[in-house]
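These notes are meant for someone opening the entry without background. Please keep the structure in view while reading the points below.

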Amino acid sequence: MTFSIVGRCAETGQLGIAISSSSIAVGARCPWLRSGVGAVSSQNITLPALGPQVLDGLGEGLAPHQALDHALTRNGYSQYRQVAVVDAQGRTAVFSGNHALGVHNALAGEQCVAAGNLLASSAVIERMVEAFETSEGCLAERLLKSLQAGQDAGGEAGAVHSAALSVVGDLVWPIVDLRVDWADENPIGELGKLWQAYEPQLQDYLTRALNPTLAPSYGVPGDE
């Protein structure tokens, strides 16, 4: 009921995740990121704890496959989980349990991992990796292009209703954290619209956070 792409930008070191699901509010449970450490998508029958635990392992110096194995062993029921990991060096790890739902697939590419379950076909994931590796633009744009490519290749076997995009850079908070918690139709398209509206303002929000004296005026009452 979910498909995702986890990736790193080799030029900026940014880490990010784009994800969509038939379930409500996928962005509240599945994507986990930590600046300078890694990005994790915990999905299928989701255990949110796996995200922070894998990131903790990466922060302690474990390789992605080690951090993933430790988290899965610690919590049990690994046969029901699907997890994708990229660390700050671009190394990857991925796991799909034998109880992953429906048609499922997971594939690592160049500084990226795509994974999904209840898919229209396993080719959805292959297309997502290909799109991430060949697309241009900033990391957020490449992740969105990959997610859309997965949808264009068939996406889930049924309709998707939520989508999310998260990116971390040098700061301790996400520089992009956009969510469509529910849409009757085309949440990935709605997520793309959110990005188009947010992208021109992204740097302004960083500026006003780091140095309020340089904050641009937004032309609202009380904003001087």
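1. Glutamine 111 sits in the loop that runs between strand 7 (105–109) and strand 8 (112–117). The model is a predicted one. Glutamine 111 is not a glycine, yet its phi is positive, at about 60°. Is this residue buried or exposed? Its relative accessibility is 15%, so glutamine 111 counts as buried, the limit for that class being under 20%.

2. A positive phi is also found at leucine 118, again a residue other than glycine, with a value near 50°. Leucine 118 belongs to the loop between strand 8 and helix 3 (123–134). With a relative accessibility of 32%, leucine 118 counts as partly exposed.

3. Helix 3 holds alanine 123. This alanine has a relative accessible area of 36%, and therefore falls in the partly exposed class. How far is alanine 123 from aspartate 177? Their C-alpha atoms are separated by 28 Å, and the two residues are 54 places apart along the chain.

4. Helix 1 covers residues 50–59, and seven of its ten residues are buried, so the rest of the structure largely encloses this helix. The buried residues are Leu50, Gly51, Gln53, Val54, Leu55, Gly57 and Leu58. Which elements do they pack against? The partners are strand 3 (31–34), strand 4 (38–44), helix 2 (64–75) and strand 5 (81–87). After helix 1 comes glycine 61, with a positive phi near 100°.

5. Leucine 33 gives one view of the packing between helix 1 and strand 3. Leucine 33 is part of strand 3. From leucine 33 to leucine 55 the C-alpha distance is 7.6 Å, with their positions 22 residues apart in sequence. Leaving aside residues up to four places away in sequence, leucine 33 has contacts with Leu15, Gly16, Ile17, Gly38, Ala39, Leu55, Ser166, Val167 and Val168. Leu55 in that list is also among the buried residues of helix 1.

6. Serine 162 lies in strand 9, which covers residues 162–168. Its relative accessibility is 0%, so serine 162 counts as buried. What does its side chain reach? The backbone oxygen of serine 23 is 2.6 Å from the side chain of serine 162. When residues up to four places away in sequence are not counted, serine 162 touches Ile19, Ser20, Ser21, Ser23, Ile24, Ala25, Val26, Val180, Asp181 and Pro187.

7. Alanine 159 is located in the loop between helix 4 (139–152) and strand 9. At 48% relative accessibility it counts as partly exposed, since the exposed class begins over 50%. Alanine 159 and serine 22 are 137 residues apart along the chain, while their C-alpha atoms are separated by 6.0 Å.

8. For the protein as a whole, the secondary structure consists of six helices and ten strands. The C-alpha trace spans about 60 × 40 × 30 Å along its principal axes. How does the radius of gyration bear on compactness? A compact globule of 224 residues would have a value near 17 Å, and the protein has 17 Å, so the two agree.

9. Buried residues account for 46% of the 224 residues. Of the contacts between residues at least 6 apart in sequence, 50% link residues at least 24 apart. The pair formed by leucine 33 and leucine 55 is 22 residues apart, whereas alanine 159 and serine 22 are separated by 137 residues along the chain.

10. Two surface figures complete the note. The protein exposes about 10,200 Å², and 50% of this area is supplied by carbon and sulfur atoms. There are 12 positive and 23 negative charges, and the mean positions of the two sets are 5 Å apart.

Notes
Residues numbered from 1 in each chain as written. Predicted model: local features only at pLDDT ≥ 70, side-chain atom pairs only at ≥ 80, totals over all residues. Heavy atoms only, no water. Helix = DSSP H or I, 4+ residues; strand = E, 2+ residues; numbered from the N terminus. Rg over C-alpha atoms; globule rule 2.2 N^0.38 Å. Buried < 20%, exposed > 50% of the residue type's maximum accessible area, 1.4 Å probe, protein only. Contact = heavy atoms within 4.5 Å. Areas by Shrake-Rupley, 256 points an atom, 1.4 Å probe, with all protein chains shown as cover. Lys, Arg positive; Asp, Glu negative; His and termini not counted. Charge placed at Lys NZ, Arg CZ, Asp CG, Glu CD. Polar contact = N/O pair within 3.5 Å; in protein donor to acceptor, adjacent residues only side chain to side chain.
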